[in-house]
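This report walks through the strands, helices and cores of one protein model for a reader who has not met it before.

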Amino acid sequence: MKQNNEAAPLRIAIAGLGTVGAGVIKLLNTNGDLIAARAGRAIEVVAVSARDRKLDRGVDLSGYAWEDDMGALAARDDVDILVELVGGSDGPALAASRAALKAAKGVVTANKAMIAHHGLELAELAEGAGVPLKFEAAVAGGIPVVKGLREGTSANALAKVYGILNGTCNYILSEMEETGADFAETLAEAQKLGYAEADPTFDIEGIDAAHKLAILAAIGFGAKVDFDAVRTTGIVQVRAADIAQADALGFVIRLIAQADVEGEGSDARLLQRVRPCLVAKDHPLAPVDGPTNAVVAEGNFSGRLLFQGAGAGDGPTASAVVADLIDIARSEVGAPFSMPVAQLTALPPAEPGHRMERTYLRFTVNDRPGVLAEITAAMRDADVSIESLIQQGRANQGGDVLVAMVTHEGPEANVRRAIELLDGSDSLTDEPLILPILPA
């Protein structure tokens, strides 16, 4: 069959010319002929917008119209698709995306915060205008996990979706594992190497991973995006001693984002949470180190699927943006969250207290008689069974020691109750660390 080389090009405008925006231009320039052959028509940049016209971005912008205002960029008559790469859940990025969709122009974005907070509104605008809204690059960089869940697992009922969704945290934890350094030291090194932002709060507190999880949960379970329901715990409390103890027990520590649905029909509840976990060394997520991301989806017919690759960076993220553009050029669009917004279910958040799991607990305590008895008494009174207990020696020069234990499988609520019984104890000198053990 003869290729139709006369098809009109897909005309795009790029808002935001940081590393990803410049990466999209480089990719289109380098692989333009290949992309046109695969898309069935050329993809052409016609206009751009960014804060500083004079900044050298390593790409030639002279052939593109420049708009200082993103709203004007979105309104241009010669633009079919707005590529939004500015970031931020609100502000100019959201305003420009709304404007483009209302003007019946499609939107491709890498903005996970905007999709997590406003994805339903934008999806409704896209559906109403009959134009695409695509955001593969918003989750896990160059890994095609959004497409994988939306299309590859579309015949399956998913039991759960979970994985490593933040490269900064994964780099820090795996470096602590490799070097034996503590958290603060490793974070500083990650900032120096560019793996962590100057203000790393969104990463190390788990917020970035929570944005991505909310998007995956909506796609995987046909649910309305509910970022506010994601239970989030970061990695700030994890110490080198915890990494070493996990290793001795046959585990690594990873920040894991997890989502699953319990119950059926009107009783269905969605559990979404981000938290550091102990992961057995033979689990497929255990060898995922450095800034790599990985997502596991478990379908009732497909079984366990693993998506793994570079979770960030100009090349992988630009690749995901252009993959979305190729789909649009082919007229392969589909609903943003795998089904029309009207068919998505508002699933109430699940209360996980009855969930059964093994847990690693670490206490920082005064080195004095009776402390261990106090801790074990709290475990007994909360009906928490202790599998193993280790007193790790002094944590600092002040005389504190670390006491770690692993529990037998039991309800999560019992562990929380034990911690509550110890609240306010003079024996504890720091907040206890609670790390669940990820099931095999």
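## Two sheets and two cores

In this predicted model, strand β2 is mostly covered, with six of its seven residues buried. Strand β2 spans residues 43-49 and runs parallel to strand β1, residues 10-15, to which six bridges join it. Within this pairing, I12 stands opposite V45 of β2, and A15 has S49 of β2 as its bridge partner. Strand β2 also pairs with β3, again in the parallel sense, over two bridges, and there A47 stands opposite A65 of β3.

These pairings belong to an open sheet of six strands, whose order is β3-β2-β1-β4-β5-β6 and whose pairing is parallel. Because β3 (65-66) and β6 (133-134) stand at its edges with a single partner strand each, one side of each is left without a neighbour in the sheet. Helix α4, residues 91-102, packs on this sheet and touches β4 (81-84) and β5 (106-109), its direction making about 165° with that of β4.

A further open sheet, also of six strands, has the order β8-β10-β9-β7-β11-β12, and its pairing is mixed. Its edge strands are β8 (231-232) and β12 (303-310), each of which pairs on one side only. Helix α11, residues 240-249, packs on this sheet, touching β9 (251-262) and β10 (269-280), and its direction makes about 80° with that of β9. Strand β11, residues 292-299, is joined to β12 by eight bridges, and the two run antiparallel; in this pairing, R304 of β12 is the bridge partner of E298.

The bridge partners named above are collected here.

| Residue | Partner residue | Strand of the partner |
|---|---|---|
| I12 | V45 | β2 |
| A15 | S49 | β2 |
| A47 | A65 | β3 |
| E298 | R304 | β12 |

Which residues touch the most other members of the largest nonpolar core? In this core of 86 residues, they are F135, V145, I172, L216, I235 and F337. Helix α10, residues 207-221, gives the most to this core, with 10 residues. Leaving aside residues up to four places away in sequence, V145 touches E136, V139, A140, L216, V295 and F307. A second, separate core has 33 residues, including I12, V45, V48 and A137, so that the facing residues I12 and V45 of the parallel sheet reappear there as core members. In soluble globular proteins, nonpolar side chains tend to be buried together.

Note on methods: Residues numbered from 1 in each chain as written. Predicted model: local features only at pLDDT ≥ 70, side-chain atom pairs only at ≥ 80, totals over all residues. Heavy atoms only, no water. Pairing = 2+ DSSP bridges. Helix = DSSP H or I, 4+ residues; strand = E, 2+ residues; numbered from the N terminus. Contact = heavy atoms within 4.5 Å. Axes fitted to C-alpha atoms, helices over the stretch in contact; angles between N-to-C directions. Core = buried A, V, L, I, M, F, W, Y, C linked by side-chain atoms within 4.5 Å. Buried < 20%, exposed > 50% of the residue type's maximum accessible area, 1.4 Å probe, protein only.
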